[in-house]
Amino acid sequence: STVTFHPPAIPIATTSTGDVTDLSYWLDQVRSAVRFADAVDALRVKGVTKFLEVGPDGVLSALVDGIPAMRKGRDEPLTLMTAVARAHIEGWSPDWTSLLAGGQRVDLPTYPFQRQRYWLDAGTPAPATSTVDGWLYREAWTPLPRRDAALTGTWLVVGHASEELVAALAAAGADTVTAPVREGRLREGSFAGVVALPADAADALNIVQTLGDAGVDAPLWCVTRGAATDPVQRAIWGLGRVVALEHPDRWGGLIDLADADPALLPAVLGGVEDQVMFRGGIAHGRRLIRATVTTGWTPSGTVLVTGGTGALGGHVARWLAAEGAARIVLVSRRGPEALA
């Protein structure tokens, strides 16, 4: 008798009949059965998809996948603002001007809301032959610009030094000290660089080890003659590339003079190039460039496959046989063990 009724501003779905009605349902609420599921179904039929529970806890929200405005035993302002934030990210935004007076709108990242993808599309995979083609490189020699042959400090010349080489270093401004490497003996000293003329790869290895034992950390340059065609001299280049990886702090580089004048050598010592060959009196630097794929090759006669006793070697051998190779020789470093 003390309650004053006003026209309802929010429609209510009663849990006694499941219908949307006016506020008079409160009078029957205490005497009728609670038909919560029917009320929810009636709302969904009318297009309702979101539920916000205004009450002391979140019991009913769990039944309809709704959002509770309060939770028992939790901070009320924090729980309420969490509910508002959750409603917003689900596309059910409140009136922010009433909630945050004086606030300013800013652009937020689009991906949680517009579902825009920022990953690159994988695209169409290239054919497997194309993949292998992309791995192919070859060695090329590029002419290098001329630079002044200026050296400073004391340079150690070891190995089979020639008078022309020592004179070329001295003419470029270096003080030279020559020392043959015998039985691993080498005097200690502070050097700006070391130039070695090894006879073969074994001699080059001895020089590297002897310099290390003597504590000489100056960059070592190995000079060869005709490494492009002489397998003995070429082996020195193979060893030198390994030393460059294992001892980069005391490695200078490889220089092949071929038939060039030793006077040209100081111009490349100490430069940025670590693999240089002289051809026609011009220094060339080693480069790796993409190789052009050769197509249309048909194997014939006898074909040698190195490292051919593994799974990949067998695959290559079968391809060669199918393409017309008359005889295929498979070799491996494992030797007879590969047949086990």
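A salt bridge here is a side-chain nitrogen of Lys or Arg within 4 Å of a carboxyl oxygen of Asp or Glu. In this predicted model, the side chains of arginine 279 and aspartate 256 meet that description, with N to O at 3.5 Å. Arginine 279 lies in strand β11 (residues 275-279) and aspartate 256 in strand β10 (residues 251-256), so the bridge ties together parts that are 23 residues apart in sequence. The two partners differ in their surroundings: arginine 279 is partly exposed, with a relative accessible area of 31%, whereas aspartate 256 is buried, at 0%.

The structure holds nine salt bridges. Another of them joins arginine 286 to glutamate 139, at 2.6 Å from N to O. This pair links distant parts of the chain, since arginine 286 is in strand β12 (residues 282-290) and glutamate 139 is in strand β5 (residues 137-143), 147 residues apart. Arginine 286 has a relative accessible area of 24% and counts as partly exposed; glutamate 139, at 29%, is also partly exposed. The pair does not stand alone, as Glu139 and Arg286 belong to a network of salt bridges that also includes Arg234 and Arg241.

Strand β12 also carries arginine 287, while glutamate 273 sits in the loop between β10 and β11. These two residues form a salt bridge whose closest N and O atoms are 2.9 Å apart. The bridge therefore ties together parts that are 14 residues apart in sequence. Arginine 287 is partly exposed, with a relative accessible area of 31%.

Strand β5 takes part in an aromatic contact as well. The structure holds one aromatic pair, formed by tryptophan 141 and tryptophan 237. A pair of aromatic rings is described by the distance of the centres and the angle of the planes. For these two tryptophans the values are 6.0 Å centre to centre and 75 degrees between the planes. The pair counts as edge-to-face because the angle is over 60 degrees. Tryptophan 141 lies in strand β5 and tryptophan 237 in helix α10, 96 residues apart, and the pair links these distant parts of the chain. Tryptophan 141 is partly exposed, with a relative accessible area of 26%, but tryptophan 237 is buried, at 0%.

Next comes the nonpolar interior. The largest nonpolar core has 23 residues, and those touching the most other members are Leu156, Val158, Val194, Leu211, Val216, Leu220 and Cys222. Two or more residues come from each of β6 (154-159), β7 (175-179), β8 (193-197), α9 (201-213), β9 (220-224), α10 (231-246) and β10. Helix α9 gives the most, with four residues. Leucine 220 touches Val194, Ala196, Ile207, Val208, Leu211, Arg250, Trp251, Gly252 and Gly253, leaving aside residues up to four places away in sequence. Apart from this core lies another, of 21 residues, among them Ala174, Leu197, Leu265 and Val276.

Some nonpolar side chains lie at the surface instead. Leu52, Val54 and Trp92 make a nonpolar surface patch of about 300 Å². Within the patch, valine 54 is found in the loop between β3 (52-53) and α3 (61-64). With a relative accessible area of 72%, valine 54 is exposed, because the cut-off for that class is over 50%.

Conventions. Residues numbered from 1 in each chain as written. Predicted model: local features only at pLDDT ≥ 70, side-chain atom pairs only at ≥ 80, totals over all residues. Heavy atoms only, no water. Patch = residues over 30% accessible without salt bridge, like charges linked within 9 Å, V, L, I, M, F, W, Y side chains within 5 Å. Areas by Shrake-Rupley, 256 points an atom, 1.4 Å probe, with all protein chains shown as cover. Buried < 20%, exposed > 50% of the residue type's maximum accessible area, 1.4 Å probe, protein only. Core = buried A, V, L, I, M, F, W, Y, C linked by side-chain atoms within 4.5 Å. Contact = heavy atoms within 4.5 Å. Phe/Tyr/Trp six-rings, centres within 6.5 Å; stacked < 30°, edge-to-face > 60°.
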